[in-house]
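User: I would like to learn how empty space and surface patches are read from a model. Could you take me through them one at a time?

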Amino acid sequence: MLSLTMYAQSFTRFDYLKVTDNNSVLQYPWTGGLNSVQFGKADVNHDGKKDLVAYDKSNNKFCVFLSLATNSTVFKFESAYATHFPPISGWMIMKDYNCDGIEDIFTYNGVGNLKVYTGYYDHDTLNYTLQQDGFFYHGSGIFINVYCSDVIKPAIVDVNNDGDPDIISFNVSGNRIIYYENQRVELGLACDSLFFAKSDNCWGNVRDTFSAMYALRDTCSFKFNRPANNNNVLHTGSTIEGIDVDNNGAIDVLVGSVSLNSITMLYNKGVPSYASVLKQDVNYPSYDVPYNTSSFAAPYFTDVDNDGKTDLLVSTFDANAANINNIWYYKNQRSDSIDLRLQKKNFLLDNMIDAGENSNPCFFDVDGDGLKDILLGSGGYKDFMNSDIFKLRYYKNTGTSDYPEFNLQDDDFLNISNLNVRDIFPAAGDIDNDHDSDLVVGLSDGRMLWWENIASQGNPPLLFYRGILKDSAGNEISIGANATPYLIDLNRDGKTDLVTGERNGNLDYYRGTSADSAKFSFVTDSLGKVRIKSVNSNFGFTQPCIADVNNDGKYDLILGTNFEGLQFYNNIESHLNDSFSLTSPAVSEDLGTRTTAVIDDITNDGKLELLTGNIDGGLIIFSQDPPPFRPTAIKNSITEKLNFTIYPNPADHHLQINLNENSKNIQLQLFNSLGQQIVNKKIENVQAIDLNTNSISNGIYLLKISDGVKEGIQKIIIQH
């Protein structure tokens, strides 16, 4: 068996491939998508600018968007930074609590309490280490949990204006707001101390009535004492953000609730030492466009565009919530208070490939120009206000044979949304053995539709709808649920076979029985004895992708799964009648749940590209050998090549550049993946150059060296 490391390192991110949508270039198309998102700001790459950190609860992943300028929402996605963030449960709050100027991360600890990870820099990259697991206050002679849960997110904010962060959270019943006062200043403790007193059992004198309207001026008979009897739990989820909205010196709270589609602002008309909520906005912000999406809301106040003003981002908190128009961005118009204006409902999403949820890609030369296009199926575009939409997107390859680029050509290819089918999974192949590519689409009910390419040889594909795919006996092929077909001559007998995954976690195999038509005979529903299960679910959601990945002349299997990642099985064709042996992960990166993949050589260099989908509805692309990106800032006006070598590559602290000959008037330039020049140096009379890379962010760059007569360009990787 080959090592895990060998296969884990065989594919590299190809994030810089250009994608356009309606003539607009997507700034970060290959993020993998976002659905239920929570936000924070921190200087992730230590360059003096606060970057945007997105935690996607639906897929339990981080995405880091580097800020490129102040007063701007133009970001650069950098996947490598995500690995430096800690595991999160339920929710995330980024807040500096220990006075070092670096944002720390608070989250749920799994047992009705909080924990905090402290931020620190290692080689100018923000990292985290667990600092404290469990926050407590002293009551009735014992230490008691500061209460929260995975669906009760507190606010961490300096309520009493004494310089340390306090906590506002709901009680166990979910109907009263409790104020836990940080005792660091009062007790003269060190700056990184977190010890609390329960100061108010009914903060603001409000009671959640489990409707949009809160009861104000509540009597709160147990305001400063523990209630004699526990209340019954009435609902199971709330999110709180604390901020002084109206600049009156008292903290207000913005609340999202599991039972509502809107958010409620509770205006505190009291003072820092005593909260009194006398006004509320149950459709906040009612003075502009109120937030409303069919889901439990997660609001976050943060300076989105680095203009010094606190803006508002609101996304969905639940998994399986709305997945379109689900990140609302409100820009603050004032510096002395909060005055919000809605900018967009698809913040970040408008700059990435997004298929709603459960993205299912395939490569297919749709227009017959010799370039592989992308067809992207979906598990549904959902806003829960209208009927769910299930469709197939067509991204045309508008690049060249060695350097693909993609443009969204058709948002509903073949008008599949009109067929009343669900969970679209496309697969291309010569299903009828006439030497051209046809199209098969798997469905949620386990059946498959197919379109025959009826174009004559040498002409662009002309897809003719043939209906439900049937076997050789004329029976509809149905494998149970969530068919994920793949077409390939698996047994190499000259006839195309059908392999399909399914929800139960096995693989079904139908052998092609005709050399000139689409006829299949059932062989087994346990190909390779594959059976994917996990502790989280009995549903494996297998999706096969078969190719000679390691160039040994034998078919290998890349298998998408529900919770087990993207798996690699080496040389399956020698084991069609027995068990496949799991060799390694297909890529080292955690791609999340409901992974899918398709593989092909779309750069025509003999190396394979791997296109992956996941539950978030986006795409991530990898390559065995990504070609250098081609920023427009680099001009190839000098025809004579300047040869040089670099070491090491990837580089950490230094990059050694050796010229083949001593050269005068050397110009050294380094460009990032957006084509921006980040290094520009002129060097005289050298043959070796030592470039310090400590301050350069992780990523892929182009190094250009010229002497006025010759020039050379090489790809380098910075990995601290």
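Analyst: Rolling a probe the size of a water molecule over the atoms shows where empty space is left. In this predicted model, the largest cavity holds about 160 Å³ of space, where a cavity is a set of points, on a 1 Å grid over the protein atoms alone, at which a 1.4 Å probe fits but cannot get out, and a volume is the space filled by probe spheres set on points joined across faces, edges and corners. Local features need pLDDT of at least 70 and side-chain atom pairs 80 or more, while totals for chains, interfaces and linings use all residues. Residues are numbered from 1 along each chain as its sequence is written, and side-chain values use heavy atoms, without hydrogens and water.

User: Which residues lie nearest the centre of the largest cavity, and how does its lining divide?

Analyst: Lining residues have an atom within 4 Å of a point. Of the 18 that line the largest cavity, Asn360, Phe425, Asn482, Thr484 and Arg594 lie nearest its centre. The lining comprises 4 nonpolar, 11 polar and 3 charged residues, with Ala, Val, Leu, Ile, Met, Phe, Trp, Tyr, Cys and Pro counted as nonpolar, Asp, Glu, Lys and Arg as charged, and the others, Gly among them, as polar.

User: What volume does the second largest pocket have?

Analyst: A pocket is an open set of points with protein on both sides within 12 Å along at least five of seven lines. The second largest pocket has a volume of about 540 Å³, and among its 34 lining residues Phe363, Lys372, Ala428, Gly429 and Ser437 are the closest to its centre. Its lining divides into 21 nonpolar, 9 polar and 4 charged residues.
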